[in-house]
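Open the model in your viewer and keep the sequence panel beside it. The tour starts with the whole chain, then moves to single residues.

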Amino acid sequence: MSKQLFNLADKVIEFTRKFGEVQSEVVIKKNKDITAEARKQNIDFSEVSHSTSISLRVIYNNKSALVSTSSTNESNLKKLASKALEIAKDSLENPYDIIAQKFEFADSSKIKNLEIFDNKTDELKNISFFEELAIAADKASLNDAKITNTDGSSAGRSDSEYILCTSNGFKDGYKKSSFYISSSAIAAENKKMEREFAFEQRTYLEDLPNPSEIGELAAERAINMLGATKPTTGNYPVIFNERISSSIVGHILSAINGETIIRGSSWLLKSLNKNIIPEKYSLIEDPHILRLSGSRPFDAEGLKTKRNKFIDNGVLKSWVMDLKTSSQLGLKSTANAIRSNSSLPYPGVGNIELVGGDLSLDDLLVMAGEGLMVCSMIGSSINQNNGDYSRGASGFWFKDGKISHPVNECTIAGNLTQMIKSMTIANDSKSHLSRRVPSILIKDMTIAGN
């Protein structure tokens with residue numbers, strides 16, 4: 001970690017101490033991003049960007065304020081501290097705006113190396129390397145005659161440093177790396193076009209698939225969608241392919257978020273300690289899985305991250321909480337605070353896994369018989385209060401347990417409470433993803449097509 005960044009944080013905290021009994025919290029994020037975009041095997045765009053953000057939260061007499069800057073100039077940091085206190089004095093009191101106490105602090109020296117930063121490729125700072133990856137992916141996506149064009153391919157890396165320091169003694173940070181390749185292909189047949197994409201991201205470069213594989217997958221997906229038709233309107237089983245099944249878990253996480261619960265606007269508001277999904281399934285957060293993008297040694301308030309079973313054998317056991325929401329709910333934080341450069345801490349999750357499925361995707365198809373397997377979705381109409389659900393979808397119709405033909409331009413609808421209560425999950429989740437969610441079968445949904 002950069003000593004310079006820690007020194008900056010110490011300076012900001014020292015400036016706030018001059019104003020008396022003020023609690024303060026400094027977050028510094030430093031990023032370096034490399035991006036290369038190619039189309040028709042030529043580079044369309046490439047850049048290297050650097051950014052540093054300094055965020056200061058102060059709490060004065062139960063009044064808080066948040067200010068941020070990208071300047072590291074000492075005089076500007078003094079002004080930052082002064083401005084934060086000035087805003088706080090004019091704010092409303094909120095006894096739930098608190099910072100972590102010393103006994104709650106994480107000791108990252110006791111946590112094993114999470115391998116979330118790739119030290120081996122620190123020398124790969126030349127943008128030409130990533131330009132070559134983007135060109136290779138785009139070239140591969142054009143290998144089939146049915147691919148008439150592309151929306152381009154891209155590759156890049158992102159390195160970040162994150163530091164959190166508080167006026168009562170917490171001082172720690174970590175570095176993260178991320179590498180990605182994406183490709184988008186357009187297939188055409190009988191004057192109709194279909195567009196599809198493929199995207200892969202890893203924490204370590206050596207784990208990233210070959211760019212040609214990603215380009216070929218984008219092309220294959222686009223070609224497979226040629227000849228898509230609207231399905232017949234009616235009630236049928238729907239399978240959410242593992243490509244998009246994490247969206248269902250995303251709706252659950254949103255509904256059990258502490259902020260949502262406090263607002264009273266959750267379709268799972270009265271479901272704590274009740275069975276909400278089939279008994280053999282559990283929803284688990286593990287922030288200490290090696291090489292995953294959602295891993296971290298401590299949360300955005302300095303609490304030690306831990307394994308959380310939000311749903312245990314079908315029963316909702318906990319809300320997702322930070323210090324503020326847990327205090328309001330009279331509970332203990334689940335160490336789930338996250339924050340952006342310009343926001344106060346709020347509850348959120350990193351690595352999440354839906355477990356308990358013992359069936360293959362083929363098994364789900366056979367079990368369902370006939371219906372729709374959704375592979376992509378657009379738009380969203382979700383009633384957060386009662387769970388009514390409606391989304392545009394495309395994918396493949398299956399009949400007699402086998403894929404029949406591609407379908408698009410349809411809408412699927414249901415109610416999330418009923419959907420998750422009766423769902424059946426497969427065992428095909430991808431281990432490299434921070435959201436490990438397998439394909440999900442919902443036995444009865446309304447499909448609006450022809």
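The radius of gyration is taken here over C-alpha atoms, and the globule rule is 2.2 Å times the number of residues to the power 0.38. Keep in mind that this is a predicted model.

**Stop 1: the whole chain**

Select the protein chain. For its 450 residues, a compact globule would have a radius of gyration near 22 Å. The protein chain has 24 Å, which agrees. Along the principal axes, its C-alpha atoms fill a box of roughly 70 × 55 × 40 Å.

Now colour by secondary structure. You should find nine helices and 19 strands.

Switch on the surface. The accessible surface of the protein chain is about 20300 Å². Carbon and sulfur atoms account for 46% of that surface. Of the 450 residues, 52% count as buried.

Next, contacts. Take the pairs that sit at least 6 apart in sequence: 72% of these contacts join residues at least 24 apart.

Colour by charge. There are 55 positive and 55 negative side chains. The centres of the two sets lie 4 Å apart.

**Stop 2: Ser266**

Select Ser266. Which loop holds it? Look between helix H6 (258-263) and strand E8 (282-285). Is Ser266 buried or exposed? Its relative accessible area is 5%, so Ser266 is buried.

Show the side chain of Ser266. One of its polar atoms lies 2.5 Å from the backbone oxygen of Ala255. Ala255 is also among the residues that Ser266 touches, not counting residues up to four places away in sequence. On the same terms, Ser266 touches Thr260, Ile261, Gln384 and Asn385.

**Stop 3: Ser271**

Stay in the loop between H6 and E8 and select Ser271. Ser271 has 13% relative accessibility, so it counts as buried. Which residues does Ser271 contact, leaving aside its neighbours within four places in sequence? Display Ile276 and Leu316 to see them.

**Stop 4: Asp172**

Move to strand E5 (residues 171-189) and select Asp172. At a relative accessible area of 16%, Asp172 falls under the 20% cut-off, so Asp172 is buried.

Show what surrounds Asp172. Not counting residues up to four places away in sequence, Asp172 touches Phe6, Ser108, Tyr162, Ile163, Leu164 and Phe298.

Finish with a distance. Pick the C-alpha atoms of Asp172 and Ser318, which are 146 residues apart along the chain. The viewer should give a separation of 28 Å.

How values were computed: Residues are numbered from 1 along each chain as its sequence is written. This is a predicted model: local features need pLDDT of at least 70, side-chain atom pairs count only at pLDDT 80 or more; totals for chains, interfaces and linings use all residues. Side-chain values use heavy atoms; hydrogens and water are left out. Helices (H or I, at least four residues) and strands (E, at least two) are DSSP runs, numbered from the N terminus. Buried means under 20% relative accessible area, exposed over 50%, partly exposed in between (1.4 Å probe, protein chains only). Contact means heavy atoms within 4.5 Å. Accessible areas come from the Shrake-Rupley method with a 1.4 Å probe; for residues, only the protein chains shown count as cover. Lys and Arg count as positive and Asp and Glu as negative; His and the chain ends are not counted. The place of a charge is taken as NZ of Lys, CZ of Arg, CG of Asp or CD of Glu. A polar contact is a pair of N or O atoms within 3.5 Å; within protein, one must be able to donate a hydrogen and the other to accept it, and residues adjacent in sequence count only if both atoms are side-chain atoms.
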